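Colleague: I've got the structure open on my screen. Can you walk me through it?

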Amino acid sequence: MSLCEIIRLDGYIQSTYLVVYPDKLLLLDGCCRPDVPMVLNYIQETLQRPVTDLKVVVVTHMHPDHAGGANKLRRSTGCCIVSANKPNQWYAGIGGQLMHLVDTSLAHYVAKRQGRLPKNLWYPAHLHPDITVNDGDSVPEFDDWQVLETPGHTDRDLSLFHRPSRQVYTADLIIKLHHKFVAPFPIYDPKAYISSLQKVKDLNPSNVMMAHGRELVIDAATFDMLIVQAPKHRRTVKDTIRHKLLWWRTKESEMG
């Protein structure tokens with residue numbers, strides 16, 4: 001088995017991890033739309049490799065900083081897009097289209113908070129992967145990487161476990177901002193989210209690669225803390241609006 005090097009690239013609002021082998025490249029997530037030129041330039045200029053060496057791009061879930069560049073990368077390199085085996089699109093129907101708009105707007109908000117210049121983050125709401133995978137599968141063409149289904153943030157979140165080094169990429173399952181761990185937003189299924197944290201803890205990973213928070217050694221006690229402090233109720237845009245409305249109605253009742 002060929003040895004690989006995992007390189008973290010600073011994306012527009014997230015970290016993106018490129019896995020470099022002597023004869024092929026793997027991108028652990030689909031990044032943001034404006035990250036595509038950066039990824040291609042790194043392959044061509046820094047690695048001195050043809051962009052066609054990028055064989056697979058995994059899309060761990062459909063948010064703008066994880067799926068936004070996937071289609072453009074496929075057109076530019078001929079790579080395969082690999083994603084979760086789900087019968088329905090995440091942004092299905094009219095409600096899904098509205099949520100796609102909201103999620104894209106939230107990505108713009110995060111970029112502004114990070115002091116980034118405004119860029120075009122638009123990407124298709126529907127993904128048509130070349131290959132779909134299930135829990136326990138190997139990443140196509142990269143047998144040393146195992147697919148883990150780690151839902152909770154959405155219904156189709158994937159993590160990727162490098163068996164030889166026991167490093168794991170967890171996308172948005174775990175987020176560390178500054179010096180504090182926070183749960184991702186949204187949380188669509190709190191029970192599934194907690195189970196996903198436990199699944200990663202049980203791997204006893206040597207290193208955890210986060211899309212927001214870089215690489216970090218996370219010990220069992222910290223995993224236990226994350227599990228205890230994990231949200232116990234759904235946290236979505238819709239739920240937030242509903243709670244605000246209930247709060248205002250309660251205030252109005254109290255006032256008369």
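Modeller: Sure. One term to begin with: a pocket is an open set of grid points with protein on both sides within 12 Å along at least five of seven lines. Keep in mind that this is a predicted model.

Colleague: How much space lies in the largest pocket?

Modeller: Its lining is made of 34 residues. Those nearest the centre are Val-110, Gln-114, Ile-175, Leu-177 and His-212. The space in that largest pocket comes to about 1,200 Å³.

Colleague: Which element gives the most to the lining of the largest pocket?

Modeller: Let's go through the candidates. Two or more lining residues come from each of β1, α2 (64–67), α4, β11 (175–177) and β14 (214–216). The top contributor gives six residues, and that's α4.

Colleague: How many residues of that lining are charged?

Modeller: Split the lining of the largest pocket by residue type. You get 15 nonpolar and nine polar residues. The charged ones number 10.

Colleague: Over to the sheet. Which strands stand at the edges?

Modeller: Six strands make an open sheet with mixed pairing, in the order β1-β2-β3-β4-β5-β6. An edge strand here has a single partner, so one of its sides is left without a neighbour in the sheet. That description fits β1 (5–10) and β6 (131–133).

Colleague: What is the bridge partner of Ser-83 in β6?

Modeller: Strands of a sheet pair through backbone hydrogen bonds, either parallel or antiparallel. Here β5 (residues 80–84) and β6 run parallel, joined by three bridges. In β6, Ser-83 is partnered by Thr-132.

Colleague: Which helix lies across β3, β4 and β5?

Modeller: Helix α1 (residues 36–46) packs on the sheet too, but it touches β1, β2 (15–20), β3 (25–27) and β4 (54–59). The direction of α1 makes about 140° with that of β1. The helix you're after runs at about 170° to β4 and covers residues 70–77: α3.

Colleague: Is Ala-125 buried or exposed?

Modeller: Ala-125 sits in the loop between α4 (93–113) and β6. Beyond its neighbours within four places in sequence, Ala-125 is in contact with Met-62, Gln-89, Tyr-91, Gln-97 and His-100. Its relative accessible area is 9%, and the cut-off for the label is under 20%, so Ala-125 is buried.

Colleague: What separates the C-alpha atoms of Ala-125 and Thr-104?

Modeller: Along the chain, Ala-125 and Thr-104 are 21 residues apart. In space, their C-alpha atoms are separated by 10 Å.

Note on methods
Residues are numbered from 1 along each chain as its sequence is written. This is a predicted model: local features need pLDDT of at least 70, side-chain atom pairs count only at pLDDT 80 or more; totals for chains, interfaces and linings use all residues. Side-chain values use heavy atoms; hydrogens and water are left out. Two strands pair if DSSP finds at least two bridges between them. Helices (H or I, at least four residues) and strands (E, at least two) are DSSP runs, numbered from the N terminus. Contact means heavy atoms within 4.5 Å. Axes are lines fitted to C-alpha atoms, for helices over the stretch in contact, and angles run from 0 to 180 degrees between N-to-C directions. Buried means under 20% relative accessible area, exposed over 50%, partly exposed in between (1.4 Å probe, protein chains only). On a 1 Å grid over the protein atoms alone, a cavity is a set of points where a 1.4 Å probe fits but cannot get out, and a pocket is an open set with protein on both sides within 12 Å along at least five of seven lines; lining residues have an atom within 4 Å of a point. Grid points are joined across faces, edges and corners, and a volume is the space filled by probe spheres set on the points. Ala, Val, Leu, Ile, Met, Phe, Trp, Tyr, Cys and Pro count as nonpolar, Asp, Glu, Lys and Arg as charged, and the others, Gly among them, as polar.
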